[in-house]
Amino acid sequence: EKEALRLAIFGPTQNGSLICSGDQFIEGEEGSGALKDPQWRNHTLNIGRKTKNSPHWDYTRYPSGTFLGEQFAAGGIQTSGGRLVFTIWGAKNRGENWRSGVLISDDDGRSWKYRDVAYESDLNIRDNPEVVAGFNEQSLFLTREGKLVSIIRGRAKLGRVESSPKDTWFLRSESVDNGENWSTYELTNVAGTGAAFVGLTLPDGSFLHACRIPSSRDMYDLPEPDLYDCILCAVS
């Protein structure tokens, strides 16, 4: 009753395979596990692969500490060269801040390696020394030129909006070598919390990003739609 399992499907890949990835934790015996200490969650990472000619899924379980200590993983993107780049975040070691990274596969999801995207080691970014902060959810974009861009959610003082302390500005990093190395993170002028793991690059080259809007409603112009518009949307 205290187990949690989250999975996301990606695909098909260029080879026609489906990839299923996500994290899992079990509370364990008395006083252990994620529900006892929500600031440190030993997560098993599960990645499954199903080829187009097979009815079966083959899963590999990566215990806590394989890539990170906490391993919150989701899907991502595939480059034109076939490389899979998936998002992952969490604390690498107990007591550290969260970091965002990517999992990379060059063999259609059979094996994976980890690369850091953004990490801030300074514990002073926390509002409370006992409550973890740092980088977590990120949205990956692949530009028409082949550059990878990560739009990352910060927590606590990392990117905080001074006029609205519950909110943070999204941060940004980019890679020009298919996810192997990432630029030093920088602030954007987009505020919000939570991020989908993949964003869309539109035909004109602009980005479409889905996220939760800020708590402060005066940061953006958010007019209320009238009832007629809502009815038309529902019908269509």
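## The protein overall

Of the 236 residues in this protein, 44% are buried. Keep in mind that you're looking at a predicted model. Strands turn up a lot here: the secondary structure comes to 17 of them, plus one helix.

What about the outside? The protein exposes about 12,800 Å², and carbon and sulfur atoms supply 51% of that area. As for contacts in the protein with a separation of 6 or more, 48% come from residues 24 or more positions apart.

## A four-stranded sheet

Now pick out strands β10, β11, β12 and β13. They form an open sheet, in the order β10-β11-β12-β13, with antiparallel pairing. At the edges sit β10 (135-142) and β13 (186-191), each pairing on one side only. Going from one strand to the next, the twist averages 35°.

Let's zoom in on one pair. Strand β12 covers residues 169-175, and three bridges join it to β13, with the two running antiparallel. Here you'll find Arg-172 standing opposite Glu-186 in β13.

## A look at Asp-23

Over in strand β3 (residues 18-25) you'll come across Asp-23. Is Asp-23 buried or exposed? Its relative accessibility is 4%, so it counts as buried, the cut-off being under 20%.

Who keeps Asp-23 company? Leaving aside neighbours within four places in sequence, Asp-23 is in contact with Ala-4, Leu-5 and Arg-6, with His-43 and Thr-44, and with Gln-71, Phe-72 and Ala-73. With His-43 there's also a polar contact of 3.2 Å, joining the side chains of the two residues.

Notes: Residues are numbered from 1 along each chain as its sequence is written. This is a predicted model: local features need pLDDT of at least 70, side-chain atom pairs count only at pLDDT 80 or more; totals for chains, interfaces and linings use all residues. Side-chain values use heavy atoms; hydrogens and water are left out. Two strands pair if DSSP finds at least two bridges between them. Axes are lines fitted to C-alpha atoms, for helices over the stretch in contact, and angles run from 0 to 180 degrees between N-to-C directions. Buried means under 20% relative accessible area, exposed over 50%, partly exposed in between (1.4 Å probe, protein chains only). Contact means heavy atoms within 4.5 Å. Accessible areas come from the Shrake-Rupley method with a 1.4 Å probe; for residues, only the protein chains shown count as cover. A polar contact is a pair of N or O atoms within 3.5 Å; within protein, one must be able to donate a hydrogen and the other to accept it, and residues adjacent in sequence count only if both atoms are side-chain atoms.
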